[in-house]
Amino acid sequence: MSKLLTVFNFEFKNYFKRKSTIVVFVIYFVIAFGITFIPAIINGDSFVKKLFSGEDNSNFQRSAYIVKDVAIDKTYLKDAKEYSNRSQLEQDIKDEKIDEAIILSNDNYEYLSKSNSLTLGNTEFNRLFDNFVRQYAYQKNGLDFYKVAEVEKNIPKAKVTAISAKGDEENKFVNVSIIYFLSFALYFMILMFGSVMASNVAREKTNRAMELLVVTVKPTILIVGKVLAFSCIAVTQILLMCVSLLAGLKLNLPNYSEATKILVSNLDYSLIWVWVLFSLTGLVMFMFLFSAFASLVSRIEEVNTVMIFPTMIFIFAFFLNLFTMNDAGNGKFVEILSYIPLTSYFSMVTRYALAEVSMIELFASYAILLATTFLIALICIKVYRNATLRYGKKLSFWKVVRNK
């Protein structure tokens, strides 16, 4: 046990001694913290929005309009500029004297802007004219716009509840959003630290450092210590990102839209714990696979080649989870995937989030995953032990497994 702790401490501390590691951790912290400001920039009247929104347009001083043959209440237009010539209007938009404009006539309604086409029409000025147009259309048909608007406002909205799914549509929306985030978090965590782990093992073998290590430490202790160390490093980075996300959410929550507030305030913490349990086990399983395959190389350049097989298994499971997410509530195929250990660390978590999963099903799936991880660990330990001091041509994983 003391030697295992020695290997663990060496790998863990050695990784954090590198300047590049600290830089990467800081970058991920800043990115995770910065993401939480995006909804505040888009929604609400926050200092962040004012910082990034450029010149203030609260009184429409950067807006303009041309209105012909339509009666509108121009008091709502505030400081917006009125034009009579379209060519001059377009030229002022090109010269950035104004940001947006409306051209409204009896038979034409047009919004002009120099902005990206994806954002066209999504402004307060445009929404104001939308109301003008609706009011004008109602009056032409002999309807009272304000009475109709009041009736529409008080019409009850149906609350959609999916009986076969977990909770109502609001909770389902929240869980789908969380699952997308957690799936990508696991995806990047395993691929990034798996490659670091593989490079570390391959480098020790190719520069003959492994020959010195196995003299004092058994290969079994060496690989287990490395796997545990790099798994803890991966978890440390994810925890750091989660802390920065939570801090940013707490800071910016008052400036979020209602949909984002619903997402944040309805977090299912039991789902987080299920994800942690399955993800950590899946992480350890792939760390063993990456280290075992990396031990087969004779040259550092061969690492990417030998890593194709375990990497493709993981990527296939990731995309399979994304493609089947919509059927997680009632799909038989997703149910099967949730018990297959090479996919359950994704699929069972998704099922738990979007469907009714009994504790027996959850424990059965995890028991299979845990047993498979233990079996794969034993196989990988054997491969690592047999491949440690074998040089020359690149070794075959399955031949090393069969070798006694």
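A residue is termed buried when its relative accessible area is under 20%. The exercises below concern a predicted model.

**Exercise 1. Overall composition**

Task: State what percentage of the residues in the protein chain is buried, and how many helices and strands the chain has.

Solution.
- Step 1. The protein chain comprises 404 residues, and 42% of them are buried.
- Step 2. Its secondary structure consists of 18 helices and four strands.
- Step 3. Among contacts in the protein chain with a separation of 6 or more, 69% are between residues 24 or more positions apart.

**Exercise 2. The sheet**

Task: Determine the strand order of the sheet and identify which strands stand at the edges.

Solution.
- Step 1. The four strands form an open sheet with mixed pairing, in the order β2-β1-β3-β4.
- Step 2. β2 (81-82) and β4 (109-113) each have a single partner strand and therefore stand at the edges, with one side of each left without a neighbour in the sheet.
- Step 3. Strand β1 (residues 63-67) pairs with β2 in the parallel sense, over two bridges. Within this pairing, Y65 has E82 of β2 as its bridge partner.
- Step 4. β1 and β3 also run parallel and are joined by five bridges. I66 stands opposite I103 in β3.

**Exercise 3. The environment of β1**

Task: Establish how many residues of β1 are buried and which way the side of each residue points.

Solution.
- Step 1. S63, Y65 and V67 point one way from β1, whereas A64 and I66 point the other way.
- Step 2. Residues of both groups are buried.
- Step 3. Because five of the five residues of β1 are buried, the strand is largely enclosed by the rest of the structure.

**Exercise 4. Helices on the sheet**

Task: Identify which strands helix α5 lies across and which strands helix α6 touches.

Solution.
- Step 1. Helix α5 (residues 86-94) lies across β1, β3 (100-104) and β4. Its direction is at about 35° to β4.
- Step 2. Helix α6 (residues 124-140) packs on the sheet and touches β1, β3 and β4. The direction of α6 makes about 10° with that of β3.

**Exercise 5. Two helix pairs**

Task: Classify the crossing of α10 and α12 and that of α16 and α17.

Solution.
- Step 1. Helix α10 (residues 219-252) and helix α12 (residues 269-294) have axes that come within 9 Å and cross at roughly 135°. This angle makes α10 oblique to α12.
- Step 2. The crossing of α10 and α12 is right-handed.
- Step 3. On the α10 side, the residues that meet α12 include I223, V227, F230 and I238. Their counterparts in α12 include W275, L283, M287 and F288.
- Step 4. For helix α16 (residues 344-354) and helix α17 (residues 359-387), the axes come within 11 Å and cross at roughly 170°. Angles over 145 degrees count as roughly antiparallel, so α16 is roughly antiparallel to α17.
- Step 5. S344, Y345, M348, R351 and Y352 of α16 make the contact with E361, L362, S365 and L369 of α17.

**Exercise 6. A serine in α16**

Task: Decide whether S347 is buried or exposed, and list the residues it touches beyond four places away in sequence.

Solution.
- Step 1. S347 has its place in helix α16.
- Step 2. Its relative accessible area is 2%, so S347 is buried.
- Step 3. With residues up to four places away in sequence not counted, S347 touches N321, V334, L337 and S338.

**Exercise 7. Cysteines**

Task: Give the number of disulfides and classify C232 and C380 by accessibility.

Solution.
- Step 1. A disulfide requires a pair of cysteine sulfur atoms within 2.5 Å. By this rule the count is zero.
- Step 2. C232 is partly exposed, because its relative accessibility is 34%.
- Step 3. C380 has 1% relative accessibility and therefore counts as buried.

**Exercise 8. Backbone torsions**

Task: Locate K78 and E96, and state the sign of phi for K78 and for E96.

Solution.
- Step 1. Most residues other than glycine have a negative phi.
- Step 2. K78 lies in the loop between β1 and β2. Although K78 is not a glycine, its phi is positive, at about 55°.
- Step 3. E96 is found in the loop between α5 and β3. E96 is likewise not a glycine, and its phi is positive, at about 60°.

Note on methods: Residues numbered from 1 in each chain as written. Predicted model: local features only at pLDDT ≥ 70, side-chain atom pairs only at ≥ 80, totals over all residues. Heavy atoms only, no water. Pairing = 2+ DSSP bridges. Contact = heavy atoms within 4.5 Å. Axes fitted to C-alpha atoms, helices over the stretch in contact; angles between N-to-C directions. Buried < 20%, exposed > 50% of the residue type's maximum accessible area, 1.4 Å probe, protein only. Parallel < 35°, antiparallel > 145°, perpendicular 65-115°, else oblique. Left-handed = near helix turned anticlockwise from the far one by under 90°.
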